[in-house]
Amino acid sequence: PAKVFDKKRVMYTVKSGDVLGNIADWFDVTPQQIKSWNKLKSNNVRIGQKLIIWVPGKKFAQYNKINGMTKEQKSALRKKD
């Protein structure tokens, strides 16, 4: 199992049309994890809201790029699997 100290923090800014489930998919985490890390009470996220997401250190660069991607680029991330 991955050790917690192998993780790096990515800040993701919620964009128009983003929903928690998709954000979780892009970062390979669960919506529950995002809610826990950000002390969210519900699945609702607001445009402009900053979310803390913990990712494996060795994949930090890959995940850090997601914040600057277009909606099309992000939806392509989900189709790969």
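How many salt bridges does the structure hold? Keep that in mind as you look around; the tour will come to it shortly. One thing to know before you start: this is a predicted model.

**Stop 1: the whole chain**

Begin with everything shown as a cartoon. You should find four helices and two strands. Trace them from the N terminus and the order of elements reads β-α-α-β-α-α. Now switch to the C-alpha trace and turn it along its principal axes: the spans are about 35 × 30 × 20 Å. The radius of gyration is 12 Å, which agrees with the value near 12 Å that a compact globule of 81 residues would have.

**Stop 2: the surface**

Next, turn on the surface. About 5,600 Å² is exposed, and carbon and sulfur atoms supply 54% of that area. Then colour the charged side chains: 18 are positive and 6 are negative, with the centres of the two sets 7 Å apart. As for what lies beneath, 30% of the 81 residues count as buried.

**Stop 3: the salt bridge**

Here is the reply to the opening question: the structure holds one salt bridge. Select Asp18 and Lys74, whose side chains form it, with 3.7 Å from N to O. These partners come from distant parts of the chain, 56 residues apart: Asp18 sits in the loop between β1 (7-13) and α1 (20-26), while Lys74 belongs to helix α4 (residues 71-79).

Are the two partners buried or exposed? Asp18 has a relative accessible area of 9%, so it is buried, given that buried means under 20%. Lys74 is buried too, with a relative accessible area of 2%.

**Stop 4: Phe27 and its surroundings**

Now select Phe27, in the loop between α1 and α2 (31-37). Its relative accessibility is 1%, so Phe27 counts as buried.

Which residues is Phe27 in contact with, leaving aside its neighbours within four places in sequence? Add Val10, Tyr12, Ile53, Val55, Tyr63 and Ile66 to your selection, and you have them. For a distance to try in the viewer, pick the C-alpha atoms of Phe27 and Gln62: they are separated by 9.5 Å, though the two residues are 35 apart along the chain.

**Last stop: back to the full view**

Zoom out again and think about contacts across the protein. Among those between residues at least 6 apart in sequence, 65% join residues at least 24 apart. The salt bridge you visited, from Asp18 to Lys74, likewise links distant parts of the chain.

Note on methods. Residues numbered from 1 in each chain as written. Predicted model: local features only at pLDDT ≥ 70, side-chain atom pairs only at ≥ 80, totals over all residues. Heavy atoms only, no water. Salt bridge = Lys/Arg side-chain N within 4 Å of Asp/Glu carboxyl O. Buried < 20%, exposed > 50% of the residue type's maximum accessible area, 1.4 Å probe, protein only. Rg over C-alpha atoms; globule rule 2.2 N^0.38 Å. Contact = heavy atoms within 4.5 Å. Areas by Shrake-Rupley, 256 points an atom, 1.4 Å probe, with all protein chains shown as cover. Lys, Arg positive; Asp, Glu negative; His and termini not counted. Charge placed at Lys NZ, Arg CZ, Asp CG, Glu CD.
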